[in-house]
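Open the model in a viewer and keep the selection tool ready. The tour below moves from stop to stop, saying what to select and what is there.

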Amino acid sequence: MKDVVLAGYARSPFHFASKGALVKVRPDDLASAVVKGLVERTGVNPDDIEDLALGCAFPEGEQGFNMARLVVLMAGLPISVAGVTINRFCGSSMQAIHMAAGAIQMGAGEAYICAGVESMSRVPMSGFNPMPNAALYQTMPEAYMSMGETAENVGREYNISREEQEMFALDSQQKAVAAQSDGRLAGEIVPIQANGSNIDADGCMRPDTSLEGLAGLKPAFDEKGTVTAGTASPLTDGAAATLVCTAEYAAANNLAPLARIASFAVSGCQPETMGLGPIFSSRKALERAGISAGDLNVVEINEAFATQSIASIRDLELDPSTVNIDGGAIAIGHPLGATGARITGKAAQVLQREGGRWALSTQCIGGGQGIATVLEAV
Amino acid sequence: MQAIDKVAVIGAGVMGAGIAAQVANTGLPVVLLDIVPDGAKDRNVVASSALQKMLKTSPAPLMHPRNAKHIQVGNVEDHLQWLSDCDLVIEVVIEQLEIKQGLYRKIEQHRKPGSIVTSNTSTIPLAHLVEGLPKSFQRDFAITHFFNPPRYMRLLELVAGADTRPEAIAALRTFGDRLLGKSVVDCKDTPGFIANRIGILWLGAAVRFAFEIGLTVEEADAVIGKPMGIPKTGVFGLLDLVGIDLQPHVEQSMLATLPEGDLYREIHRPSTYIERMIEEGYIGRKGKGGFYRLNRSKGGKVKEARDLETGEYRPAVAPSLASVRAGRQGMRALVEHPDRGGRYAWRVLSHTLSYAAALVPQIADDVHAVDQAMKNGYAWKRGPFEMIDQLGPKWFAQQLAKDGLAVPPLLEQVGDGSFYRLEDDRLQYFGTDSAYHDVQRADGVLLLSDIKRGAERVAGNRSASLWDIGDEVLCLEFHSKMNSIDEGIVAMISKAIKIVPSKGYKALVIHNEGDNFSVGANIGLGLFAANIAAWLQITESVKQGQYAYKALKFAPFPVVGAPAGMALGGGCEVLLHCDALQAHAETYMGLVEVGVGLVPAWGGCKEMLLRWSNNPRHPKGPMPAVSKVFETVATATVAKSAEEAKSLLYLRPGDGITMNRDRLLAEAKAMALAMAKDYAPPEPRELQLPGSAGETAMTLVLNDFRRAGKATDHDVTVGKILAHVLAGGNTDPTAAVSEDKLLTLERNAIVSLLKTPQTLDRIEHMLETGKPLRN
């Protein structure tokens with residue numbers, strides 16, 4: 001077996017969909033700016049790149065065609081670099097990393113760019129032409145269940161009070177705001193030019209979040225429920241990219257690896273509690289890495305909702321002090337296709353910064369799935 | 001004609017910002033300036049926060065939020081040089097002569113030579129404003145007095161000074177009339193001009209006599225309101241609305257400028273009762289309450305009225321006065337009634353109307369100007385002289401004399417006659433020269449009421465008529481109750497389609513001068529038919545409406561709709577079938593059927609689908625048009641202006657918008673004639689619709705809305721039936737759906753909804769209360 005490493009991570013600033021600074025930026029432009037930034041920052045020789053694997057949850061409209069190939073061309077990568085657009089909903093760009101790592105193990109190239117993008121301003125969730133199968137909906141409506149409803153289900157099943165969710169959301173906001181003001185985020189952000197201005201910082205965080213403010217919000221998905229806009233990740237525009245290569249290649253080319261990819265896994269679960277996906281996929285990945293949750297020094301879990309994050313942390317018996325140290329998606333944002341690359345790159349980066357041996361990145365996926373990656377310090 | 005292509009408004013208070021918004025509504029660029037507050041970080045903060053506030057104000061000063069981009073905010077310290085390319089500068093600052101004059105001197109240094117400067121002053125005479133200013137300034141200066149809120153109140157009082165250039169006045173008149181859509185009335189340079197001069201006396205008299213005669217506030221408002229043709233806020237409700245605390249300022253400024261011996265000085269009495277209300281913060285709706293308040297203390301919402309003796313609040317009671325009931329027979333019956341309501345009406349009217357009569361020609365050249373001002377500035381149904389005509393001028397004069405009140409010379413002059421008369425079908429008014437003169441309409445104004453006067457209708461029934469409006473154009477007028485669409489209107493549509501080609505007409509315009517174009521179908525008839533389970537008849541009558549509208553669409557001549565006010569439900573649908581619309585800027589269109597538990601079934605779903613499918617800027621595929629129409633119809637979205645209607649595609653990109661309602665018919669007719677030249681009717685189209693997949697997608701949305709508490713159970717039922725229609729029924733995305741197939745789906749949908757008790761409850765509730773039932 002070869003050692004496959006993450007040797008670079010960069011992302012765009014994340015901004016609110018429909019009202020943020022990136023509304024007018026096309027997703028392919030956004031992705032190519034970040035890919036370009038990653039190539040420049042890592043110093044990888046573009047001629048060595050086998051493929052650009054680009055995750056996107058709603059690959060239509062401006063995210064349509066084979067966006068990955070177009071981003072290769074737009075980013076000025078050599079014509080020899082291939083491009084594949086990958087859809088596993090929210091797990092899309094983590095899947096891109098997994099596919100690259102698997103391909104590298106098969107000897108199919110030495111370096112891959114694994115990225116993801118979503119403009120939730122310009123391509124709506126569910127896309128422009130949602131056309132569910134009426135017969136499946138009749139027999140199994142949960143196959144198309146809204147994400148908010150699944151979050152309520154998890155909250156009920158795990159008895160997670162609204163207050164507990166709000167404490168979690170406040171903590172996420174405070175960690176993210178602290179990370180931003182301490183300059184811990186600036187290094188990973190590739191500035192984006194939009195409407196003549198230079199967008200170089202995240203826009204979703206709410207520094208003035210308070211428990212009182214959160215308590216005043218109305219339930220967003222169920223009038224009798226507990227999940228609000230404050231305890232859910234916001235609709236977001238953003239892109240993220242990582243460089244995945246063999247350890248040998250990194251060493252030979254003076255690249256600086258962040259972490260070794262130790263194992264990964266995907267798993268299916270009940271669609272109506274899709275938020276529990278990280279539990280099943282993480283257990284598989286941890287087992288494959290030969291470690292237990294107690295061994296983890298750093299965890300990045302995608303905060304699609306506070307309920308499913310709390311439930312996953314609880315069942316996996318994660319140490320909360322290791323989780324989302326620089327804040328999570330409730331504060332930073334969740335551009336569906338880009339999140340997997342962000343949290344995996346972030347986990348590697350934080351592991352290197354904070355020290356320790358093991359890190360986990362994991363997320364839930366609509367329709368009832370989980371995905372997880374275990375990283376080891378290099 | 002001097003062009004006005006760019007405007008500056010100085011003073012960003014409620015009036016200044018509102019005037020700037022109305023200029024922006026025309027699409028012209030406007031500069032909005034105000035002072036720099038001490039120590040302000042953002043030196044434009046006053047103007048920019050006024051603009052931000054307007055985006056949240058309801059009713060909205062802007063006809064579309066995007067109009068805000070026409071307004072450039074700044075301040076009077078840094079940006080006066082912006083005046084150098086403005087053709088008109090409107091001053092709307094505090095009513096203090098020194099401040100205004102100081103500003104004028106600064107404006108004079110920066111403005112473009114020959115540009116026009118106006119003030120929105122309501123109290124300071126023009127002669128005082130320009131005293132000591134350069135001749136060049138005086139020549140370019142006038143008063144343009146707007147009413148609050150400037151977008152919605154139609155009156156614009158225009159005052160020229162002794163030296164004002166006639167071309168400047170002509171330019172202002174055209175700008176006010178054609179662009180801002182105002183009814184421009186020429187006033188003399190006298191205190192309060194026309195509307196406030198009479199209006200303030202009327203208010204003073206109405207308040208004072210209510211106390212003196214001992215009426216409750218509800219009684220006073222009931223007498224003042226409907227019987228006199230004055231908005232139902234009456235007098236006390238009006239004071240609550242505008243702010244009781246403003247009154248002392250208005251009164252004092254009037255008293256400071258009115259001539260000696262003016263009747264207002266006699267009417268005016270300082271009221272300790274009102275002074276105490278102001279001291280205690282009971283200043284109206286913006287304060288703790290006023291003469292009325294909504295008491296929410298016990299969880300509910302109780303409307304309370306203030307006792308005029310004790311000053312205590314008590315639950316409001318619907319007044320029962322025999323005089324108000326008698327008033328339905330006319331104003332004379334009201335004022336002659338012996339009860340306290342009748343006595344009150346007489347005392348208020350005798351003072352107000354005689355005051356108005358005594359002020360012509362002092363404040364305006366003629367009685368018609370005074371009537372126009374009161375109707376458009378105070379929203380009275382009838383002007384003072386129209387009211388005197390109703391009472392009978394001679395009788396009125398006699399009663400004044402009997403009461404020991406002065407009989408104005410003009411009233412003596414008119415004697416046995418009346419202030420208005422018809423002469424050869426022309427409306428004429430009584431002039432101060434004792435001769436009758438034609439009421440002049442401005443060039444380009446065409447009123448159906450003028451055409452109808454003395455004319456024979458081409459055809460007609462109880463609900464609708466056809467009128468020849470000249471140049472071989474026919475006009476279809478609705479005149480049923482609230483212009484609701486009924487069998488009579490449907491029949492007259494069919495008739496028009498036959499008459500236009502057979503009698504040599506070129507085009508049809510659909511227009512009326514009601515407050516609202518049409519509030520929708522007559523749902524009372526539907527309810528009745530459903531209650532007796534007359535399903536076949538219901539299907540048949542829906543079908544007849546569909547066929548009539550369809551025939552209108554495919555008629556061999558152009559049909560232009562010219563709506564103003566509300567055009568809802570079936571009233572909106574008739575417009576959707578026109579070839580083009582020329583809409584008044586204040587047109588409120590919407591398919592609101594779901595509010596009564598129904599879906600649009602006279603082709604409304606079909607026409608909206610066609611429009612959105614045809615929109616090149618909308619995403620492609622089977623769903624985007626369907627989703628958009630679903631969103632619009634399922635939420636009963638009503639456009640709050642004609643401009644907003646364009647965004648919702650109730651209006652098409654090529655449809656016209658007329659700012660001045662009086663010009664609507666002429667512009668619609670011109671549009672119809674232009675289209676008649678090489679007219680070819682549209683071809684029927686087919687649509688590719690998503691079928692069951694689309695229906696499922698919309699069902700998912702409905703279920704999410706239900707769960708989130710944004711929809712009721714019956715909303716979901718209605719929504720699912722609407723989804724079935726919009727998805728094209730059981731079609732497949734590879735198949736084509738005809739317009740007729742969609743009409744069948746609409747028809748089936750409405751019949752199945754009329755079979756649900758919840759829909760019938762909604763209809764009944766709407767008929768009883770005028771409000772939708774959320775069941």
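## Two cis bonds in chain B

Begin by selecting Pro149(B), which is in the loop between β6 (141–146) and β7 (155–160) of chain B. Keep in mind throughout that this is a predicted model. The peptide bond leading from Asn148(B) into Pro149(B) is cis, and its omega is near -5 degrees.

Next, go to Pro361(B), in the loop between α15 (340–358) and α16 (367–377) of chain B. Here too there is a cis peptide bond, joining Val360(B) and Pro361(B), with omega about 15 degrees.

## Two positive phi angles in chain B

Select Glu472(B), in the loop between β16 and β17 (473–478) of chain B. This residue is not a glycine, yet its phi is positive, near 65 degrees. Is Glu472(B) exposed or partly exposed? Glu472(B) counts as partly exposed because 15 other C-beta atoms lie within 10 Å.

Then select Ala533(B), in the loop between α22 (523–531) and α23 (535–554) of chain B. Ala533(B) also has a positive phi without being a glycine, at about 55 degrees. With 11 other C-beta atoms within 10 Å, Ala533(B) is exposed.

## Domains of chain B

Colour chain B by its domain assignment: domain 1 (7–187), domain 2 (195–416), domain 3 (448–592 + 638–680) and domain 4 (692–769). Domain 3 is listed in two segments, 448–592 and 638–680. From domain 2 of chain B to domain 4 of chain B, the distance between C-alpha centres is 49 Å.

## Strands of chain B

Show the open sheet of 7 strands in chain B, whose order is β15-β16-β17-β18-β19-β21-β23 and whose pairing is mixed. Which strands are at the edges? They are β15 (459–460) and β23 (656–658) of chain B, each pairing on one side only.

Zoom in on β15(B) and its partner, strand β16 (residues 464–468) of chain B: the two run antiparallel and are joined by 2 bridges. Ala459(B) is opposite Leu466(B) of β16(B).

For a parallel pair, select strand β2 (residues 30–34) of chain B together with β3(B), which are joined by 5 bridges. Within this pair, Leu33(B) has Gly74(B) in β3(B) as its bridge partner. Strand β3 (residues 71–75) of chain B is largely enclosed by the rest of the structure, because 4 of its 5 residues are buried. Strands of a sheet pair through backbone hydrogen bonds, in either a parallel or an antiparallel way.

## Nonpolar cores

The largest nonpolar core has 244 residues, and those touching the most other members are Leu32(B), Ile194(B), Ala206(B), Val509(B), Val560(B) and Val599(B). Helix α7 (residues 195–213) of chain B gives the most to this core, with 11 residues. Separate from this is a second core, of 125 residues, which includes Tyr9(A), Ala232(A), Ala262(A) and Ala347(A).

Select Val509(B) to see one of those well-connected members of the largest core. Leaving out residues up to four places away in sequence, Val509(B) touches several residues, among them Ile469(B), Val473(B), Val560(B), Leu665(B) and Lys669(B).

## Chain A

Now show chain A, which has 12 helices and 12 strands. Its C-alpha atoms fill a box of roughly 55 × 50 × 45 Å along the principal axes. The radius of gyration of chain A is 19 Å, which agrees with the value near 21 Å for a compact globule of 378 residues. Of those 378 residues, 60% count as buried.

Select Val35(A), in helix α1 of chain A. Is Val35(A) buried or exposed? Val35(A) counts as buried, because there are 30 C-beta neighbours inside 10 Å. Setting aside residues up to four places away in sequence, Val35(A) touches Leu52(A), Val71(A), Ala75(A), Ile113(A), Ala115(A) and Ala241(A).

Move on to Arg26(A), in the loop between β2 (15–16) and α1 (27–42) of chain A. With 16 C-beta neighbours inside 10 Å, Arg26(A) counts as partly exposed. Beyond its neighbours within four places in sequence, Arg26(A) is in contact with Glu62(A) and Arg122(A).

## Where the chains meet

Finish by showing both chains: 16 residues of chain A are in contact with 17 residues of chain B. The chain A side of this contact has 9 nonpolar, 4 polar and 3 charged residues.

Note on methods:
Residues are numbered from 1 along each chain as its sequence is written. Chains are lettered from A and ligands numbered from 1 in the order in which they are written. This is a predicted model: local features need pLDDT of at least 70, side-chain atom pairs count only at pLDDT 80 or more; totals for chains, interfaces and linings use all residues. Two residues are in contact if their C-beta atoms, placed from the backbone, lie within 7 Å. Ala, Val, Leu, Ile, Met, Phe, Trp, Tyr, Cys and Pro count as nonpolar, Asp, Glu, Lys and Arg as charged, and the others, Gly among them, as polar. Domain bounds come from an automatic or database domain assignment. The radius of gyration is taken over C-alpha atoms; the globule rule is 2.2 Å times the number of residues to the power 0.38. A residue is buried if 20 or more other C-beta atoms lie within 10 Å of its own, exposed if 12 or fewer, and partly exposed in between; C-beta atoms are placed from the backbone. A nonpolar core is a set of buried Ala, Val, Leu, Ile, Met, Phe, Trp, Tyr and Cys residues joined through C-beta atoms within 7 Å. Two strands pair if DSSP finds at least two bridges between them.
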